[in-house]
Amino acid sequence: MSVTQQQVLDTLKTIRSPRGVALTEASVLSAITVNDGKVFFSINVEAGAARAWESVRAEAEAAVRALAGVSTAMVALTAERRAGAAPSPPHRHAPGHTQSRGGGVQPVAAHRPPQSPTSPMSRQAEIPGVAAVIAVASGKGGVGKSTTAVNLALGLRDLGLRVGLLDADIYGPSVPRLTGLHEKPELNDERKMIPLQRFGLSIMSIGFLVEEDTAMIWRGPMVMSAINQLLRDVAWGTLDVLVVDMPPGTGDAQLTLAQNVPLKGAIIISTPQDLSLIDARRGLAMFRKVNVPVLGIIENMSYFQCPHCGSRSDIFGHGGARHEAERLGVPFLGEIPLHMSIRETSDSGHPVVVSEPEGAHAEVYRAIGAAIREQLKGVIAAA
Ligand SMILES: Nc1ncnc2c1ncn2[C@@H]1O[C@H](COP(=O)(O)OP(=O)(O)OP(=O)(O)O)[C@@H](O)[C@H]1O
Ligand SMILES: [Mg+2]
């Protein structure tokens, strides 16, 4: 039997705010989404009070999760500086409501106890069993980050590593499409989500949990809370590398993510065009700001490879990313051609490394994987 919104509300009535008011009376609840046993909502509080609310958030989440018929409960704490007496968020998704960035939204990191600035990893505890979490990022969208992330994960798998793939692109999860996976993860005895298995990879995506348009309206802190759950409420098991497909851009949400995920390194994807390289520089600056080492730059859609004759044309003036990497003093990890079969295989849920394992493209991804493994020497035992 499926849980109802009323049952969720009845449960929340029994939970008290830090000031002793029933949660349902505290004007802090967002819309409550109940969908096929999955429950999502946020608690929106003043920035200054966020810390006091964390235990309430955890309590609410545990209580909802314990309800019969609930398979997933995700409760986010969002902290805002409200201008005057702002009304509490509506109890239904307002049409046209878009993600509010910057301004009043405080990054979640702002509510954590201060950490030593020299110790980037201390911001977030490492994930037990996972040797290295690495981000695949780009300054701008559409440069092939997700395609590269999935094929790279497969390339690393081919090198004998145990690999996971986490789709952290809350605003446009594409791992379900790239892998053909659409099932909902099951829970283990400890009520942790079991990542889906495909092509020998352990895979999680926010797209397995929510409808795409639900996530679109989330704000920065809520995004971080969801990412934290995807990292920590998942039974990842033992992994050498967890590849994280990041949301595009270098805005607040991305910065918060870069700051809070225990990253061993980041890979920047760029295309050869100048504009994209400027964005790549921005991406680089973002990771440097939060002390995450940049493992290198990959040039995607580097040159055009004719699907018929295999001839190569440098239509974008190829080599820009290699040059830029040298200039910036970061490793250049390799170049991936613009090729129809890379696009087609991605779109059909059979990435090129699994659909054409003997092909030249698979070789390219494996070579880049080897370069990354080299960068991670000393971090992953198998390297
Ligand atoms: N090397 C390539 N050759 C041909 N097509 C490619 C290549 N890399 C990516 N694509 C195609 O380009 C499109 C965008 O790629 P992808 O979704 O991986 O980019 P992204 O950077 O993750 O985008 P977003 O910013 O929206 O997350 C997809 O249709 C993908 O199949
Ligand atoms: Mg993507």
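**Close-up 1. Contacts of arginine 65 in the predicted model.** Arginine 65 touches Val70, Ala73, Arg191, Gln229 and Asp233, when residues up to four places away in sequence are not counted. The model shown here and in the other views is predicted. Arginine 65 has its place in helix H2, which is made up of residues 50-65. With a relative accessible area of 18%, arginine 65 counts as buried, because the limit for that class is under 20%.

**Close-up 2. The buried side of helix H1.** In helix H1, which covers residues 5-13, the buried residues are Val8, Leu9, Thr11 and Leu12. Around the axis these residues span an arc of only 160°, and they therefore lie on the same side of H1. An α-helix has 3.6 residues a turn, so residues three or four places apart point the same way. The partners against which the buried residues of H1 pack are strand S1 (33-35), strand S2 (38-46) and H2, and H2 is also the helix that holds arginine 65, the subject of the preceding view.

**Close-up 3. The surroundings of ligand 1.** There are 18 residues around ligand 1, and those that come nearest are Gly142, Lys145, Ser146, Thr147 and Pro337. By kind, the residues of this shell divide into 7 nonpolar, 7 polar and 4 charged. Two helices, H3 (145-158) and H10 (340-347), each supply at least two residues of the shell around ligand 1.

**Close-up 4. Polar contacts of ligand 1 with glycine 144, lysine 145 and aspartate 169.** For glycine 144, a backbone N or O atom lies 3.0 Å from an oxygen atom of ligand 1, and for lysine 145 a backbone N or O atom lies 2.9 Å from an oxygen atom of the ligand. In aspartate 169, by contrast with these backbone atoms, a polar side-chain atom lies 3.3 Å from an oxygen atom of ligand 1. Of the 630 Å² of accessible area that ligand 1 has on its own, the protein covers 81%.

**Close-up 5. Threonine 179 and its distant partners in sequence.** Threonine 179 is found in helix H4, which consists of residues 175-179, and with a relative accessibility of 0% threonine 179 counts as buried. Apart from its neighbours within four places in sequence, threonine 179 is in contact with Val150, Arg198, Phe199, Ile203 and Gly349. Threonine 179 and serine 346 are 167 residues apart in sequence, while their C-alpha atoms are 7.7 Å apart in space.

Notes: Residues are numbered from 1 along each chain as its sequence is written. Chains are lettered from A and ligands numbered from 1 in the order in which they are written. This is a predicted model: local features need pLDDT of at least 70, side-chain atom pairs count only at pLDDT 80 or more; totals for chains, interfaces and linings use all residues. Side-chain values use heavy atoms; hydrogens and water are left out. Helices (H or I, at least four residues) and strands (E, at least two) are DSSP runs, numbered from the N terminus. Buried means under 20% relative accessible area, exposed over 50%, partly exposed in between (1.4 Å probe, protein chains only). Contact means heavy atoms within 4.5 Å. The arc is that of the directions from the helix axis to the C-beta atoms. A residue is near a molecule or strand if one of its heavy atoms lies within 4 Å of it. A polar contact is a pair of N or O atoms within 3.5 Å; within protein, one must be able to donate a hydrogen and the other to accept it, and residues adjacent in sequence count only if both atoms are side-chain atoms. Accessible areas come from the Shrake-Rupley method with a 1.4 Å probe; for residues, only the protein chains shown count as cover. Ala, Val, Leu, Ile, Met, Phe, Trp, Tyr, Cys and Pro count as nonpolar, Asp, Glu, Lys and Arg as charged, and the others, Gly among them, as polar.
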